Amino acid sequence: MIPQEFEYDAPATLQEALALIADGERKVLAGGMSLIPLMKLRLAQPGHVVDIGRVAELNYIAEADGVVRIGATATHHDIETSAIVRGKCPLLAEAAGHIGDAQVRNTGTIGGSVAHADPAADYPAALLALEARFRLVSASSDRTVAASEFFLDAFTTALEAGEIVMEVQVPVEDPGEGYRYEKVAHPASGFAVVGVAVRVKKSGEAITMARIGVTGMGPRAFRDEAAEKMLESGVEVGQATAAVGEGEEANIRVGRLSKASGARACGEGDQDGADEGVVKLDGRYTVALQQARAYAMLQDPVVLARCMPGCEGLDRVAENEYAMRMKMVLASISGKFEGKVRITDSDPPSSFRLLVEGSGKIGFVKGEGLLTLTPDGAQTTVAYEGEVQVGGTIANVGQRLVETTARMLIKRFFEKLSASGAGVESLESAAD
Ligand SMILES: Cc1cc2nc3c(=O)[nH]c(=O)nc-3n(C[C@H](O)[C@H](O)[C@H](O)COP(=O)(O)OP(=O)(O)OC[C@H]3O[C@@H](n4cnc5c(N)ncnc54)[C@H](O)[C@@H]3O)c2cc1C
C-alpha cells in the first residue's frame, strides 16, 4: 500500500528541526524502520514529516568525563561496531547486535528506538541496567531524564510535544564488571519474548553490585531493583533469577496466545492483511472500592465512558447496550472506531460479561470477557478472562502488538476506575 500524501522536510541543522516540530503537530522521522511500515499500512498518517537523518549534529559517539554520549541518529550498527561503545559500555554494543537483521541495524537509530518505546525492544533493557540518561531538547527546553523515568508504558515515554531525544548518555562501565544481554527472540518477529541485561561486580564470590534491566515481560521495559538487592545480599543466583519480574505489574497477569493466533504469529497465517488475530487474556486488578460500589461503577455508562481509553461517547440504545465512539492513539497509530458495548449475564455484585466491539477504516476490534468481583477488605479484586480479536489492516501490526495494546488498555481502564472512586458521588449524579 502507498502512504497517504504528506509534507516532507529534511532540515540540515538541529535548530531548524526543533523549530519545525515546535508546534507538536509534525512527526519526526529517523531510520524509518518503525514509522514507515505503519505509514505504508496507513495506520500512521502524519500530514507532515520532519526527517532528522541529515542533521549532522545528531550523529556522533564520543566519550568524556566518564560518560559515553551517543547522538540520536547513531544507528544500531554504529553502536554495535563503535570502538568507544565496545570498550566503555560493552553491554550496549552487545544489545545492539541482537536487534533485527543487518538492514534494520544499518538503518534504525538509537533515538528512534527509545522514542518508539516498543515494550519488546532490546536497547531499553541494556540502558536501564547501565543507568543511562536521555537528553531531551525542544526549541525552548533542554533537560535530561533517567532511563528509569523515561519508559512509562507501551509506546509511551516522558517525551513531550515538540521534544526530541537528542542524546543517550551512558556512564562508562567499570572494566572489572561482568555483563551480559540474553534474549529469547520470537521466531517470527525477532523481537524479545524476553530480554535481560545484567551487570555485576564481585568481590571474591560475593556480588557487590547488580543491575538488571528487563524487556518483553510487560507493557514497558523495567529495572528489577528487588532482584538486584537479592543478588547483592547474597541470595543464591538461581533464586534471585527466578524472582525477576515478580514485582512488576503484579496486579495484572496476562494470558497466553490462543493456539490459532500463536501459529499465525509464528508465520503460519495468511499474509494478505485479512488475517484475524485472537489474543486470550486473563488477569486481575485490585480497585480501591467496596465490592457493591465497584460492581455498580463497572455497569455505569458514565464511568465506563470515562475509564475506557479513547472513548469519545457512549449512548444508551437498549437495556445494558450502548453505542460507542472511540479514538485510539498508540505510538504512531491512530484510528476511530464506532461500535457497541454490551453487558450480559449480570449476577450482582459478583460477576457479569462485557462485550466491546468497534470497527473503522483501519479494521475491527472485538473484545469479550467475564469479570468476577471478589471482596478484599475495603478493596475489590476484579478478575477478568476473555479474548480480544482484531481484523483488517490493523491486524498487520502483528499479534505481539495486539496483545500489548489490549494489556495496556485494560490496565489504564482499571487505573482510571480506581482513581474514579474518590469522585464516585459526582459520577453517579452525572449518570442520573
Ligand atoms: C524487521 C524489523 C525487525 C526489528 N527487530 C527489532 C529487534 O529485534 N529489536 C529491537 O529493539 N527493535 C527491532 N526493530 C525496530 C528497530 O530497532 C527500529 O529501528 C526502531 O524501533 C526505530 O528506530 P528508527 O530510527 O527506525 O525510528 P523511526 O521508525 O524513524 O521512528 C520511530 C518513532 O520514533 C520517533 N522518533 C524517531 N527518532 C526520534 C527522536 N530522536 N526523538 C524523538 N522521537 C523520535 C518517530 O517520530 C516515530 O514515532 C525492528 C524493526 C524492523 C522493521
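Student: Which elements do the buried residues of helix 10 pack against?
Tutor: Let's begin with the helix itself, bearing in mind that this is a predicted model. In helix 10, residues 225-232, the buried positions are Ala227, Glu228, Met230 and Leu231. Seen down the helix axis, these buried residues fall within an arc of 160 degrees, so they line one face of helix 10. Their packing partners are strand 12 (192-203), strand 13 (206-215) and helix 11 (237-242).

Student: Which residue with a positive phi follows helix 10?
Tutor: Helix 10 covers residues 225-232. The residue to look for after helix 10 has a phi near 90 degrees, and it is Gly234.

Student: Thanks! In helix 13, how wide is the arc that holds the buried residues?
Tutor: Helix 13 spans residues 291-298, and its buried residues are Gln291, Ala294, Tyr295, Met297 and Leu298. They line one face of the helix, because the arc that holds them, seen down the axis, is 165 degrees.

Student: Now the open sheet: in what order do its five strands lie?
Tutor: A good way in is to find the edges, where a strand pairs on one side only: these are strand 4 (61-64) and strand 7 (142-146). From one strand to the next, the twist averages 25 degrees. The pairing is antiparallel, and the order is 4-5-10-6-7.

Student: How many residues lie between strand 6 and strand 7 in their hairpin?
Tutor: Strand 6, residues 133-137, runs antiparallel to strand 7, and five bridges join the two. One of the residue pairs is Val137 with its bridge partner Asp142 in strand 7. The hairpin that strand 6 and strand 7 form has between them four residues.

Student: And which residue of strand 7 stands opposite Phe134?
Tutor: Strand 7 takes in residues 142-146, and strand 6 takes in residues 133-137. Opposite Phe134, in strand 7, stands Val145.

Student: Let's turn to the ligand. Which element supplies the largest share of the shell around the ligand?
Tutor: In total, 30 residues surround the ligand, and the closest are Gly31, Gly100, Gly108, Gly111 and Gly112. Strand 2 (27-29), helix 7 (110-116) and strand 10 (164-171) each supply at least two residues of this shell. With five residues, the largest share comes from helix 7.

Student: How many residues of that shell are charged?
Tutor: We can split the shell around the ligand by residue type: 15 residues are nonpolar and 12 are polar. The charged residues of the shell number three.

Student: Is Thr156 buried or partly exposed?
Tutor: Thr156 sits in strand 9, residues 156-157. A residue needs 20 or more other C-beta atoms within 10 Å to be buried, and 12 or fewer to be exposed. Thr156 has 16 within 10 Å, so Thr156 is partly exposed.

Student: How far apart in space are Thr156 and Pro119?
Tutor: Along the sequence, Thr156 and Pro119 are 37 residues apart. From C-alpha to C-alpha, their distance in space is 9.4 Å.

Student: Finally, what percentage of the residues in the chain are buried?
Tutor: The chain has 16 helices and 21 strands. Among its contacts with a separation of 6 or more, 61% are between residues 24 or more positions apart. Of the 432 residues in the chain, the buried ones make up 41%.

How values were computed: Residues are numbered from 1 along each chain as its sequence is written. This is a predicted model: local features need pLDDT of at least 70, side-chain atom pairs count only at pLDDT 80 or more; totals for chains, interfaces and linings use all residues. Two strands pair if DSSP finds at least two bridges between them. Axes are lines fitted to C-alpha atoms, for helices over the stretch in contact, and angles run from 0 to 180 degrees between N-to-C directions. A residue is near a molecule or strand if its C-beta atom, placed from the backbone, lies within 6 Å of it. Ala, Val, Leu, Ile, Met, Phe, Trp, Tyr, Cys and Pro count as nonpolar, Asp, Glu, Lys and Arg as charged, and the others, Gly among them, as polar. The arc is that of the directions from the helix axis to the C-beta atoms. Two residues are in contact if their C-beta atoms, placed from the backbone, lie within 7 Å.
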